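Q: Please take me through one part of this model closely: the way its chains meet. If there's room afterwards, add a little on how the helices and strands pack inside a chain.

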There are 4 protein chains.
Amino acid sequence: MEYRKLGKSGLKISELSLGSWITFGNQLDTENVKKCMKEAFNSGVNFFDNAEAYANGLSESLMGIALKEYRRTDLIVSTKIFWGGNGPNDRGLSRKHLLEGTWNSLKRLQLDYVDLIFCHRPDPDTPIEETVLAMDYIVRNGLAMYWGTSEWSYEELDKAFKVAKELNCIPPTMEQPQYNMFVREKVEHEFNLLYEKYGLGLTTWSPLASGILTGKYNESIPEDSRLHKFSGLKNNLKNNGLLSEKNIEKVKKLTKIAKDLDMKVSQLSLAWLLKNKNVSTVITGASRVEQVRENLKASELKNKLNDSIMEEINAIIY
Amino acid sequence: MEYRKLGKSGLKISELSLGSWITFGNQLDTENVKKCMKEAFNSGVNFFDNAEAYANGLSESLMGIALKEYRRTDLIVSTKIFWGGNGPNDRGLSRKHLLEGTWNSLKRLQLDYVDLIFCHRPDPDTPIEETVLAMDYIVRNGLAMYWGTSEWSYEELDKAFKVAKELNCIPPTMEQPQYNMFVREKVEHEFNLLYEKYGLGLTTWSPLASGILTGKYNESIPEDSRLHKFSGLKNNLKNNGLLSEKNIEKVKKLTKIAKDLDMKVSQLSLAWLLKNKNVSTVITGASRVEQVRENLKASELKNKLNDSIMEEINAIIY
Amino acid sequence: MEYRKLGKSGLKISELSLGSWITFGNQLDTENVKKCMKEAFNSGVNFFDNAEAYANGLSESLMGIALKEYRRTDLIVSTKIFWGGNGPNDRGLSRKHLLEGTWNSLKRLQLDYVDLIFCHRPDPDTPIEETVLAMDYIVRNGLAMYWGTSEWSYEELDKAFKVAKELNCIPPTMEQPQYNMFVREKVEHEFNLLYEKYGLGLTTWSPLASGILTGKYNESIPEDSRLHKFSGLKNNLKNNGLLSEKNIEKVKKLTKIAKDLDMKVSQLSLAWLLKNKNVSTVITGASRVEQVRENLKASELKNKLNDSIMEEINAIIY
Amino acid sequence: MEYRKLGKSGLKISELSLGSWITFGNQLDTENVKKCMKEAFNSGVNFFDNAEAYANGLSESLMGIALKEYRRTDLIVSTKIFWGGNGPNDRGLSRKHLLEGTWNSLKRLQLDYVDLIFCHRPDPDTPIEETVLAMDYIVRNGLAMYWGTSEWSYEELDKAFKVAKELNCIPPTMEQPQYNMFVREKVEHEFNLLYEKYGLGLTTWSPLASGILTGKYNESIPEDSRLHKFSGLKNNLKNNGLLSEKNIEKVKKLTKIAKDLDMKVSQLSLAWLLKNKNVSTVITGASRVEQVRENLKASELKNKLNDSIMEEINAIIY
C-alpha cells in the first residue's frame, strides 16, 4: 500500500481506503464489518470512511465497535454531516445540524474526534459563512482534525476558501467527489484550479460506477446484485446514463485489457483511478472479505498500467 | 405547519411557535405545561420560547422538565437574558450578567445549550462591544447556536452588526420585536434595511396585542381576564394607546371578516401576521390546550387570506 | 450605597468596597473575616478585592471560605497576579505565571472564575504582547469576566490598549492606582486621556494614606498601630514623603473641617475621594467590624461635601 | 545558578538545564532519573527537556514519575513532537500528529500542560500554515505555555513568524539548535536577525559535541563510552566531520587551558557556551549524578572566562 498526502495537508492517507456506504449495517453485520476492516487494515488501509446518513447511523455504530481493536493514531476515521434524520433541522449545513450531527456521530463512533469531517452536500439554504464558521468551530474544538466537502461545485468550494480567509477560519482540506471511468468531468477539469490554488485533496467515491465496472452487468443484471435488489438505484443509473449499452460495451473492451494484464476489470478500474495524482485516496466498498482483498491489490497492480496501456484505456473510455 | 428559515440562517423554524411568557408558572402548572407543549409539538411546532425573566426563572424550570420527553435535535429552545434578579449585576447586558444569566438559565432548562439566545432589551449602560464579545463567547463556547436581540432599534442592531464584523465576532441572527395589527412600524418599516443587508430573522411576540385581538374586550373587560387581574397591564395598554376605543372598533370590524371566513378574529390576526414573509415565526401564548390548538390552525387558515381580503383588512387597520 | 459603572463597562460596582490587603490573615481570622464581609455586604458593598500576594495566598483562602455564604451573582470578586512565590517563574506577567497564578488563586478562592483580574504591577521583563494574550486567554476561557492593571503608567496602559486592538484581544477594563488626598497625580492628571479614549475604570487603593488620614498619627505613632508594628512601612512612608510634618499639619486642619461636619476625618477623606467621578470604587480596609461600618458611612456623608467645603479642603491639601 | 529570559519572553529559565535525551530509559532507571533530577533541581535547574521520541516515550514516562516530587510552578518541562511511532501519521508536523502526539506526551508525563513544546524538526511535507495553526491550538487550549522549533533554518523560522502574524496565531518563542564549539554557524550567524526581529530564545543541545568536548576521546574511544556502544553514532560523527583528528587536536589544546583554570574541558566548553547572550539555556545530559554536579558548576566557572581567555579559546576553535 502506498500513502499519499491528503492534498497539500500533512496527513498521509492510504491510496485505497474502505467505506461503509451501502454495506455496513445492510449487507454486513458486526462480525463481518470487523473482518473486512481487519483485512483492509492488514493490507495497509488507514482510512475508513463513514457518514451519519449511512444506514441511518448504524454504519457509524458498527464501525465504532470495530475501531476499538486499533490504536487511534493508526486510523483516519471520517464522517459526513447532512442527512441526520427527518426533522426540519436534522439535515443541511446549519450550525445547529452541523454541531448536533457531529456530536451524535462521535457518540455512535465512540470517538472523541474524527480525523476528517465532510459537509455531505452543498446546502443552498444556509449561507456559506454560517457553514464555514461551524466547521471552524468543530476543528478548533478538537472534534475533527480536518474538514471538507462532498459533491460541491468549483464555485461553492472557491467561495468557501474565500470566506474562510475573510473570517479567519480554517479552510477546507478535501472534497469527496464521485470519480470513475464514466464520471470524470469534475475531478479532471472542473477542480483543476482548486488543486493548484488551494492544494485541495480528494477522497473519491463510487470507483466502480455502482458495480458496472466490475463487469457483472456485462450480460444481464444478476438476481443477487445490488442493482437488482434496489430498483431505485437501477433506475437512477439508467436515467443518468451510467447504465447504458454504450458503457457496457466499454466495460467489455476493458475486461479484455484486464484479462491480458492478468487482473479483473474492477482492479483495472481502481488502478486506473490511482494513476491520477490529484486523487488522495480511492474509497472502495465491499460486502465480502475476498472483495476487500481483491480491491486492495489494485495498489500493486497499478504499476502494470504503463503509458501505452493507459492510452489504450483512455481511447476506450473517452 | 410550515417551516421558515430564521432570516438568512440555515435554521428551519415553525412559522407558529409557543412561548412561555405570562402563562408558564403563573397560569400553567407542570402538567398543563407538558400538555400545551405536547399539543404544539404534535401540530408541528418546533420552537419553544423562553426568558430568564419569565416567572422569575420558573418558566424555564417548567419547560426544562417538559423538554425531557423530546429528542433534543427536534427542538429549538430559546432564552433571553436581561432581567435575572434584583442585584445591581443581575440585569442588563454586561459580560458578567450575560454569562452568569446564561449559565443559570441552562441549569434551569437542564440543557447543555439553547438554540437561540436573546439580549432581551438594549442596554445603554453597556458598550455594544462588551455585549457583542460576550454573545460571541456564548456561541463559540457551544452554549447557544445563534444569538439575537429583542426590542432593539434599527440603529442598535446596525451598530451590533458593524461591531461584530470589526471584532471578528459572530453577528446576531434574529430580533424579537412586538408585532401585531396595531404595532407595525418597526417590523414593516424601521427594519427593512436589516432584512436586506444582514438577512435578519424575526421571532415576533404579542401577536394578539395582549388579547385585544381575540375580541374578548370588544364589549367590556371580563372578570377572569388577564387584563382584569393585572391592573398594571391594563393601565399600560391604555396609556400606550393600545386599548383604545378606536382599536376596539377595528377589532369589531375584523371580527366580522373573520366570521365570514369561518374563523376566529384571533386566528385571522395570526394568519395576517404569517402573510409577512419577513416574519420567521409568530410566538403564541396559551393558557389552555384548546387555545394552543385554535392558534396553530392559523397556519392552514392563512391560505384563506387572499389579496382582496388582505386589502380589506389593511384598510381597517391603517 | 451607590453603584457606579466600572469605567465604561456594564458592570455595576459599589462605590465603596472592601479589600483584604494587610488585614485578612494577619489581623483578621476566619470568623472576623466573615464578620467584616457580612457587615460590608449588608451595607451594600458588592466588591471584595484580593490578590495572590496578600498574606501569601491566605487572604484568598479566607475570603474563599467566607464567600460560600453568598450568591455568586451578587458578588464582584477580584484577584491580582504578580507575586505568587519566590521561584523565578512565580512572579511577573509571563504567560506561565499569569495562567498558573490564576489557576492557583481560583483554587484558594474556591471559585470557577473571578470577576476582575489584575496585573498587579507592570513587568518590564515581559513583552506587553505576551501579557495581553495571556489576559485575553484568561477572559476568553471564562476564568475572569474583566481584566485590568494595578499601578501601571499612562504609557503602559496606552500600549496595552493598542496591542489588544492589534492582536484582536479583549482590552483592559480597569486600573487600580493608589489614590488619596496626598497621592493625586496619576488619577487626576496622568490618566485623563485614558478615561476619555478608552473608558478606563478605577478601583483605588490606600484611601487613607496608610492611616495618616485617620488622624491617628496627628500627635504620635501609637504603640498598637500598624505603622508601629511594621517599621518597614513607617520608613517607607517617611522616605516617600507621605508621613511628613507638612502632611500631619494638613490632617489636623482637615480634622477640624470634619468635626464641623460631624464626621471623622477618615470619613471626610473617603467622601472626598467619592466626589471624583472617574473613581469607580474606593477600596477600604478594616481590622474591626466597627471600622467597616464607619468607613461605609462615607457613601452618605459625601453629600455634605458641597462646593464650598470642597474648595476649603482642596485649598488645604494642594 | 543564573536565570535568563527565554528570548524576549517573560519566562525565566536556568542557564543550564537537564535533558533526558539518550540517558533516561537507556542508561538511567527510575531511581537514577530521580537522583539526577534532584541534583539538578537542588543546584537551581528549573528546565527539564524531553521529547516524544526519546526512548520511544519512556523518557517522558520516567520524567513524569520523577516530577511528582516537585511543585508544578517551579518547573519548566518541555516535550517535542515529530517522531511518535512508525505509522504514516505518527510522525511529522501534521495537525493530526501534533495534537495526538501532544495528548499522548502529556499522558506519559502525567501533566495537564508542558511549558515548552517544540516542533522537533521542520516538515517539508506539511504546509507551515497547518503547523502554525496546530501549535496555536495547543497553546490556546492550555496544553503548552510556549511553542518553538528544533533544528529549523532561518528561512523556516522567518516564514513561521510571518504566517503566525498573518493568521493571528501565537508565534514561536524559542528554537532548539545544536550548539557547541564545533557547530556554531546557525547560532552565531544564521539566526542573528531572528534575535533582533522576533526576540527568539535558544535552548541549545549537544553542548559537548557528543562527548568529544569532554576530552574522553582524546586518546582513543573507550570501551564503555556511548560512541563505542552505538557504532551508528560514531559513524555519524565521523561522516559529518565532528570526530576528526583536527577537532581532537583542538580539544587537547582546550584541555590545557581548562587545566590552567582548574576546571575540566567539559566545564570550559559549557562555560564558553554560556558567554553567548543569545543562548537562553544550555541543555546538558548526564548518566551519573556526579556528572550532573560537575556540569552545573559551569555556571559559576564561566566567570573565569575573561576576555583574554575567550580570545585564546576562540583562536583555537576557529
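**Chain meets chain**

A: Let's start with who doesn't touch whom: chain A and chain C share no contact, and their closest C-alpha atoms are 12 Å apart. (Contact here means that the C-beta atoms of two residues, placed from the backbone, lie within 7 Å.) Keep in mind that this is a predicted model, where local features need pLDDT of at least 70 and side-chain atom pairs count only at pLDDT 80 or more, while totals for chains, interfaces and linings use all residues. Residues are numbered from 1 along each chain as its sequence is written, and chains are lettered from A and ligands numbered from 1 in the order in which they are written. Chain B and chain D don't touch either, with their closest C-alpha atoms 11 Å apart.

Now for a pair that does meet. On the chain D side, 20 residues are in contact with 16 residues of chain A. Two helices of chain D, α3 (95–109) and α4 (128–140), each put at least two residues into that side. The largest share, four residues, comes from α3(D). (Helices are DSSP runs of H or I with at least four residues, strands are runs of E with at least two, and both are numbered from the N terminus.) By character, the side of chain D that touches chain A splits into six nonpolar, seven polar and seven charged residues. Here Ala, Val, Leu, Ile, Met, Phe, Trp, Tyr, Cys and Pro count as nonpolar, Asp, Glu, Lys and Arg as charged, and the others, Gly among them, as polar.

How do you get from one copy to the next? In general, two copies of a chain are related by a rotation about an axis and a shift along it. Chain D lands on chain A after a rotation of 90° with 0.0 Å of shift along the axis, at an RMSD of 0.0 Å. (The superposition is by least squares on the C-alpha atoms of residues with pLDDT of at least 70 in both copies.) In chain D, the residue closest to that axis is Asn168(D), its C-alpha 5.8 Å away. The two copies use different surfaces, as 5% of the contact residues of chain D recur in chain A.

Chain C goes onto chain B by a rotation of 90° with 0.0 Å of shift, RMSD 0.0 Å. The two are therefore related as by a four-fold rotation axis. Asn168(C) has the C-alpha of chain C nearest the axis, at 5.7 Å. Different surfaces are in use here too: 6% of the contact residues of chain C recur in chain B.

Inside chain A, the axes of α1 (residues 30–42) and α12 (residues 289–296) come within 9 Å and cross at roughly 20°. (Axes are lines fitted to C-alpha atoms, for helices over the stretch in contact, with angles from 0 to 180 degrees between N-to-C directions.) So α1(A) is roughly parallel to α12(A). Lys35(A), Cys36(A), Glu39(A) and Ala40(A) of α1(A) meet Val289(A), Val292(A), Arg293(A) and Leu296(A) of α12(A). That contact has five nonpolar, no polar and three charged residues.

How values were computed: Parallel < 35°, antiparallel > 145°, perpendicular 65-115°, else oblique.
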